[in-house]
Amino acid sequence: MKFVITGALGHIGSYVLRQLPLAYPDCDIVLLDNLMTQRYSSLFNLPSTANYQFQELDVTEENLEPYIEGADFVLHLAAITNAAGSFSIQEEVESNNFRATKQVASACIQESVPLLHLSSTSVYGTQEETVAEDCSESELQPQSPYAETKLREEKYLGKLAENSDLKYVICRFGTICGSSQGMRFHTAVNKFCWQAVMRKPITVWKTALHQKRPYLALNDAFQAINFIVEKNLFNGEIYNVLTDNLTVNDIVEMIKIHVPDLNVEFVETEIMNQLSYEVEDKKIRNCGLELSGSVGACIKETIELLEGIQNSHGQ
Ligand SMILES: NC(=O)c1ccc[n+]([C@@H]2O[C@H](COP(=O)([O-])OP(=O)(O)OC[C@H]3O[C@@H](n4cnc5c(N)ncnc54)[C@H](O)[C@@H]3O)[C@@H](O)[C@H]2O)c1
């Protein structure tokens with residue numbers, strides 16, 4: 001088997017590239033990343049059970065066909081991903097992320113390789129209690145430039161597939177939690193774990209404490225990716241993938257189990273609405289996907305990973 005991962009050194013990619021050889025021993029894995037976020041450490045101590053090939057390149061600029069040729073699928077993760085930070089770099093996010101998807105999809109068509117494209121549940125914004133993939137157009141209310149671009153990429157792939165042989169599937173992932181070699185800390189759960197361990201107040205967006213949002217454990221994210229590959233589910237559909245819908249308050253309570261003396265501080269953000277909703281993931285679960293991850297376990301694991309900091313901090 002041969003797999004290609006764009007944005008391979010990031011939070012999700014650095015986990016997936018270590019899990020794939022467990023499921024597919026001796027596979028070839030091509031890792032593409034421009035090191036925009038400097039996650040060199042994702043390449044440290046790679047397992048010897050796969051044949052890795054790393055290429056430092058910008059997927060918006062290079063001809064990707066030679067790397068993709070003969071692959072079983074492309075997992076497209078390359079993107080600028082800081083949603084809250086995307087307001088000040090709107091054009092850069094649109095230019096990088098949209099062009100990356102365009103370029104990767106074009107290479108997939110040329111080489112007849114299926115594409116697994118990652119979108120985000122942040123494309124939703126609904127007054128209803130729950131929202132699913134078949135929601136009305138008015139319930140697609142991206143709250144940041146990052147999420148707006150995600151929605152445009154989805155629509156682009158849909159149109160492209162109508163006029164080409166593109167085989168693809170889109171997963172709208174909930175906010176990722178759980179540790180990996182290239183993990184980042186600007187999303188809710190990880191940032192809160194870091195702040196808690198550093199004995200800093202947990203900075204919660206003013207409107208967010210009791211709003212439900214979807215979260216996805218990293219091991220569940222891999223289960224979903226592997227499920228799609230095994231089932232050859234490159235059927236042009238969009239699937240929500242999540243472990244649980246939780247409020248920030250739920251997350252704070254889970255962190256308190258490990259760090260009891262927590263303070264919460266409310267902060268302003270440009271991503272603010274009053275909406276609280278659950279995202280449904282029945283569509284992919286009805287295809288047979290079973291998930292076993294838990295956000296609580298991810299929090300425990302992340303805090304344990306950081307505990308050394310707490311100890312040396314307090315000395
Ligand atoms: N982490 C989450 O909570 C989450 C949730 C939903 C969807 N997603 C999506 O999953 C994908 C991966 O997320 P992540 O958390 O691993 O992100 P990340 O920011 O940790 O990693 C992204 C990687 O892409 C690379 N990259 C960016 N632009 C590139 C380019 N033009 N060419 C080559 N490499 C480039 C970066 O260097 C980085 O290593 C993204 O599309 C993201 O939007 C993430």
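Here a colleague asks a modeller how some labels in this predicted model were earned.

Colleague: Let's start with helix 3 and helix 4. Why are they called roughly parallel?

Modeller: Look at the angle. The axes of helix 3 (residues 90-111) and helix 4 (residues 145-162) cross at roughly 25°. Angles under 35 degrees count as roughly parallel, so helix 3 and helix 4 get that name. Their axes come within 9 Å, and helix 3 passes helix 4 in a right-handed crossing.

Colleague: Which residues make that contact?

Modeller: On the helix 3 side they include Val-93, Phe-98, Ala-105 and Ile-109. Helix 4 brings in, among them, Tyr-146, Arg-152, Tyr-156 and Leu-160. Sorted by type, the contact of helix 3 with helix 4 has nine nonpolar, four polar and five charged residues.

Colleague: And what makes helix 1 oblique to helix 6?

Modeller: Again, it's the angle: helix 1 (residues 13-23) and helix 6 (residues 218-231) pack at about 55°, with their axes 11 Å apart. Roughly parallel needs an angle under 35 degrees, and roughly perpendicular runs from 65 to 115. The angle of about 55° fits neither, so helix 1 is oblique to helix 6. This crossing is right-handed.

Colleague: Who does the touching there, and how many of the residues are charged?

Modeller: Helix 1 uses Tyr-15, Val-16, Gln-19, Leu-20 and Ala-23, while helix 6 uses Leu-218, Asn-219, Phe-222, Ile-225 and Asn-226. Seven of the contact residues are nonpolar, three are polar and none is charged.

Colleague: Now cysteines. How do you know that Cys-177 is in no disulfide?

Modeller: Check the distance between sulfurs. The nearest cysteine sulfur, that of Cys-298, is 3.7 Å away from Cys-177. A disulfide needs the two sulfur atoms within 2.5 Å, so Cys-177 doesn't pass. For Cys-135, the nearest cysteine sulfur belongs to Cys-171 and is 16 Å away, so that's no disulfide either. A search of the whole structure finds zero disulfides.

Colleague: What makes Cys-135 and Cys-177 buried?

Modeller: Buried means under 20% relative accessible area. Cys-135 has 17% and Cys-177 has 0%, so both values fall under the cut-off.

Colleague: Why is Phe-44 called partly exposed?

Modeller: Its relative accessible area is 48%. Buried would need under 20% and exposed over 50%, so Phe-44 lands in between. Phe-44 sits in the loop between strand 2 (28-33) and strand 3 (51-56). Not counting residues up to four places away in sequence, Phe-44 touches Arg-18 and Gln-181. Phe-44 and Gln-181 are 137 residues apart in sequence, but their C-alpha atoms are 8.4 Å apart.

Colleague: What about Met-183, in the loop between strand 8 (175-177) and helix 5 (188-197)? Is that residue buried or exposed?

Modeller: Buried: Met-183 has a relative accessible area of 12%, and the cut-off is 20%. Leaving aside neighbours within four places in sequence, its contacts include His-11, Arg-39, Asn-190 and Leu-305.

Colleague: Last one. Why does Val-169 count as buried?

Modeller: Its relative accessible area is 0%, and anything under 20% counts as buried, so Val-169 qualifies. Val-169 is in strand 7 (residues 168-173). Beyond its neighbours within four places in sequence, Val-169 is in contact with residues including Leu-115, Ile-228, Leu-233 and Tyr-239. Leu-233 is 64 residues from Val-169 along the chain, with 7.1 Å between their C-alpha atoms.

Terms used. Residues numbered from 1 in each chain as written. Predicted model: local features only at pLDDT ≥ 70, side-chain atom pairs only at ≥ 80, totals over all residues. Heavy atoms only, no water. Axes fitted to C-alpha atoms, helices over the stretch in contact; angles between N-to-C directions. Helix = DSSP H or I, 4+ residues; strand = E, 2+ residues; numbered from the N terminus. Parallel < 35°, antiparallel > 145°, perpendicular 65-115°, else oblique. Left-handed = near helix turned anticlockwise from the far one by under 90°. Contact = heavy atoms within 4.5 Å. Nonpolar A, V, L, I, M, F, W, Y, C, P; charged D, E, K, R; others polar. Buried < 20%, exposed > 50% of the residue type's maximum accessible area, 1.4 Å probe, protein only.
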